[in-house]
Amino acid sequence: MKKVAVVTDSNSGITQAQAKEMGIRVLPMPFYINGELYFEDITLTQEEFYQKLAEDADISTSQPSPASVTELWDELLEDFEEIVYIPMSSGLSSSCETAMALAQDYDGKVHVVDNQRISITQRQSVLEAIEMADKGMDAGEIEEVLLREKLEASIYITVDTLKYLKKGGRVTAAGAALGAVLNIKPVLQIQGDKLDAFAKVRGFKAARKTMITAIEKDITERFAGKEMILQAAYTCSDEEAEKWKQELREKFPQFEDIYMARLSLSVSCHIGPGAIAVACVKRAEY
């Protein structure tokens with residue numbers, strides 16, 4: 001019997017196809033669109049999601065049903081001794097709290113890790129969990145490392161439009177209208193459990209510069225002397241995303257490889273299309 005199974009959710013940005021290659025399982029996040037239930041990367045593609053968004057469809061996020069979570073755990077425990085489950089941050093969804101409650105019935109075999117990450121930083125936690133499991137570490141040891149390292153990451157995001165932040169109640173209608181007139185671009189941050197405001201600037205160029213300055217400060221000051229990984233994410237076009245990645249390459253030549261992926265739909269739902277993000281993550285020590 002294999003020792004530890006690694007499970008995450010689709011907020012990690014890991015697709016079902018990638019999960020198969022990695023030897024892990026990914027729980028798809030559910031979405032209600034005009035009252036109809038969809039599952040990320042199962043019955044809802046990125047393209048379909050953004051089409052619905054463009055059509056001003058009524059979109060709301062949800063969490064995996066308790067039954068879908070426990071059915072997957074039960075299936076895995078037929079072949080594995082333990083499970084490490086890495087859901088999206090508890091500050092962004094109640095799915096983590098639900099999973100923790102469900103895990104109490106599994107006699108310590110399921111470890112739900114709230115390491116307060118999402119998207120590309122959540123994916124990095126999954127990669128490290130796989131490495132630790134391959135080295136023979138048990139679920140408790142893996143959980144301990146991931147929790148110790150959980151805040152060793154930063155994400156900065158800028159949005160193209162205030163429309164979706166207004167929909168989510170993060171920006172008032174008056175603020176959104178004024179922002180559109182003045183070409184205000186908010187820069188948001190994820191430093192732990194939730195999405196917060198970081199800065200407001202005029203124009204996308206200034207927003208990109210603000211994010212680069214912020215991530216550079218984190219790398220050189222907050223994470224000074226630590227081995228870091230630089231990442232990028234986006235909800236804009238692939239062409240614009242590649243330009244953003246090249247801009248980061250030129251600014252940070254010390255990073256040979258910059259992983260880039262689309263932002264998970266749970267984040268995209270609140271920020272809309274046209275957004276770009278940059279993240280840095282400390283490589284976990286174990």
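**Definitions applied to a predicted chain**

Me: What makes the radius of gyration of the chain agree with a compact globule?
Reply: For 286 residues a compact globule would have a radius of gyration near 19 Å, and the chain has 19 Å, so the two agree. The radius is taken over C-alpha atoms, and the globule rule is 2.2 Å times the number of residues to the power 0.38. This is a predicted model, in which local features need pLDDT of at least 70, side-chain atom pairs count only at pLDDT 80 or more, and totals for chains, interfaces and linings use all residues. Residues are numbered from 1 along each chain as its sequence is written, and side-chain values use heavy atoms, with hydrogens and water left out.

Me: Why is the contact of R25 and E75 called a salt bridge?
Reply: The term requires a side-chain nitrogen of Lys or Arg within 4 Å of a carboxyl oxygen of Asp or Glu. The side chains of R25 and E75 meet at 2.9 Å, N to O, so the pair fits the definition. R25 lies in strand β2 (residues 25-27) and E75 in helix α3, so the bridge ties together parts that are 50 residues apart in sequence. Helices (H or I, at least four residues) and strands (E, at least two) are DSSP runs, numbered from the N terminus.

Me: Why does K251 with E216 count as a salt bridge?
Reply: The closest N and O atoms of K251 and E216 are 3.8 Å apart, and the cut-off is met because the nitrogen is within 4 Å of the oxygen. K251 belongs to helix α10 (residues 238-251) and E216 to helix α9 (residues 204-222), so parts 35 residues apart in sequence are tied together.

Me: What separates K243 and E240 by about one helical turn?
Reply: K243 and E240 are three residues apart in helix α10. They also form a salt bridge, with the closest N and O atoms 3.4 Å apart.

Me: Why is S68 called partly exposed?
Reply: Buried means under 20% relative accessible area, exposed over 50%, and partly exposed in between (1.4 Å probe, protein chains only). S68 has 26% relative accessibility and therefore counts as partly exposed. K243, with a relative accessible area of 47%, is also partly exposed.

Me: How much of the chain counts as buried?
Reply: Of the 286 residues, 52% count as buried.

Me: Which secondary structure elements does the chain have?
Reply: The chain has eleven helices and 13 strands. Helix α3 (residues 66-76) holds D74, and S68 lies in helix α3 too.
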